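Welcome! Here are some short exercises, each followed by a worked solution. Try each task with the structure open before you read on.

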Amino acid sequence: MNANHPIIRGAEPAEAQVITELVLRSKAYWGYSAEFMQYAAAVLTITPAYITQHPCYVLLQDGQLLGFASLKELTPDEVELDLLFVAPTAIGQGVGKRLTEYMMGVAAAAGYRTLFIESDPNAAGFYEKMGGQLIGHRPVPRIPGRELPLYRIHLRE
């Protein structure tokens, strides 16, 4: 596979552990405390069942897993970009943009009109560049005072 041509394909249940490792490395990139990372590990562990129950995709380049994204239906017209994580070594290299655009296409093709994104505060600027409109904040369970920006992207009328 050409280094200039990463591929995006459906995630496989057998990849759950390696995807979880990527997700946690990506979250840790932002310098969160060990205590926060314990919380993150509890809520961000990807299971084979999660992969079979949600549209999940991986981005690979030269055989390396560089990104993971998934969708979660909210209503027949609305979907959430449930998870999007990029390997720390690939942050800033277009992997997140490519995955986000791909997931927007998947959501639109499935008939959704609106994509919602609950963003890590460190990724807020990225989602704004991707066309996200800030519509509010969501409190984080079990972390008093922490709120996550909530974005909306219209996929079609």
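**Exercise 1.** Through how many residues does a hairpin join S3 to S4?

*Solution.* Please keep in mind that this is a predicted model.
- Step 1: Find the two strands; S3 covers residues 64-73, and S4 covers residues 78-86.
- Step 2: Look at the link from S3 to S4, a hairpin that passes through 4 residues.
- Step 3: Check the pairing, where S3 and S4 are antiparallel, with 7 bridges.
- Step 4: Pick out one bridge, in which Leu71 has Leu81 of S4 as its partner.

**Exercise 2.** Describe the chain as a whole, from its element order to its dimensions.

*Solution.*
- Step 1: Take stock of the elements: the chain has 5 helices and 7 strands.
- Step 2: Put them in sequence order, which gives the pattern β-α-α-α-β-β-β-α-β-α-β-β.
- Step 3: Turn to the dimensions; the C-alpha trace spans about 45 × 45 × 30 Å along its principal axes.
- Step 4: Compare with a compact globule. For 157 residues the radius of gyration would be near 15 Å, and the chain agrees because its own value is 15 Å.
- Step 5: Look at the contacts with a separation of 6 or more, of which 63% involve residues 24 or more positions apart.

**Exercise 3.** What share of the residues in the chain is buried, and what does the chain expose?

*Solution.*
- Step 1: Of the 157 residues, 45% are buried.
- Step 2: The exposed area of the chain is about 8300 Å², with 51% of it supplied by carbon and sulfur atoms.
- Step 3: For charge, there are 13 positive and 16 negative side chains. The centres of these two sets lie 3 Å apart.

**Exercise 4.** Place Val58 in its surroundings, then do the matching job for Phe68.

*Solution.*
- Step 1: Val58 belongs to strand S2, residues 56-61.
- Step 2: Val58 counts as buried because its relative accessibility is 0%, while the cut-off for buried is under 20%.
- Step 3: S2 runs antiparallel to S3, and 6 bridges join the two. Across this pairing, Val58 stands opposite Phe68 in S3.
- Step 4: Phe68 lies in S3 and counts as buried, because its relative accessibility is 0%.
- Step 5: Set aside residues up to four places away in sequence, and the contacts of Val58 include Ile7, Ile8, Glu15, Ile19, Leu65 and Phe68.
- Step 6: Now try some distances between C-alpha atoms. Phe68 and Cys56 are 12 residues apart in sequence and 7.3 Å apart in space. Val58 and His137 are 79 residues apart in sequence and 27 Å apart in space.

**Exercise 5.** Where does Asp62 lie, and what is its phi?

*Solution.*
- Step 1: Asp62 is in the loop between S2 and S3, which form a hairpin with 2 residues between them.
- Step 2: Recall the usual case: most residues other than glycine have a negative phi.
- Step 3: Asp62 has a positive phi, near 50 degrees, and is a residue other than glycine.
- Step 4: At 45% relative accessibility, Asp62 counts as partly exposed.

**Exercise 6.** Is each of the charged residues Glu15 and Lys27 buried or exposed?

*Solution.*
- Step 1: Glu15 sits in the loop between strand S1 (7-10) and H1.
- Step 2: With a relative accessibility of 14%, Glu15 counts as buried.
- Step 3: Beyond its neighbours within four places in sequence, Glu15 is in contact with Arg9, Gly10 and Val58.
- Step 4: Lys27 is in helix H1, residues 16-28.
- Step 5: Lys27 is buried too, at a relative accessible area of 11%.
- Step 6: Leaving out residues up to four places away in sequence, Lys27 touches several others, among them Tyr32, Phe36, Asp120 and Arg146.

**Exercise 7.** In which sense do S4 and S5 pair?

*Solution.*
- Step 1: S5 covers residues 114-118, and S4 pairs with S5 in the parallel sense over 3 bridges.
- Step 2: In this pairing Val79 stands opposite Leu115 of S5.
- Step 3: S4 is mostly covered, as 7 of its 9 residues are buried.
- Step 4: S3 is mostly covered as well, with 7 of its 10 residues buried.

Terms used:
Residues numbered from 1 in each chain as written. Predicted model: local features only at pLDDT ≥ 70, side-chain atom pairs only at ≥ 80, totals over all residues. Heavy atoms only, no water. Buried < 20%, exposed > 50% of the residue type's maximum accessible area, 1.4 Å probe, protein only. Contact = heavy atoms within 4.5 Å. Rg over C-alpha atoms; globule rule 2.2 N^0.38 Å. Areas by Shrake-Rupley, 256 points an atom, 1.4 Å probe, with all protein chains shown as cover. Lys, Arg positive; Asp, Glu negative; His and termini not counted. Charge placed at Lys NZ, Arg CZ, Asp CG, Glu CD. Pairing = 2+ DSSP bridges.
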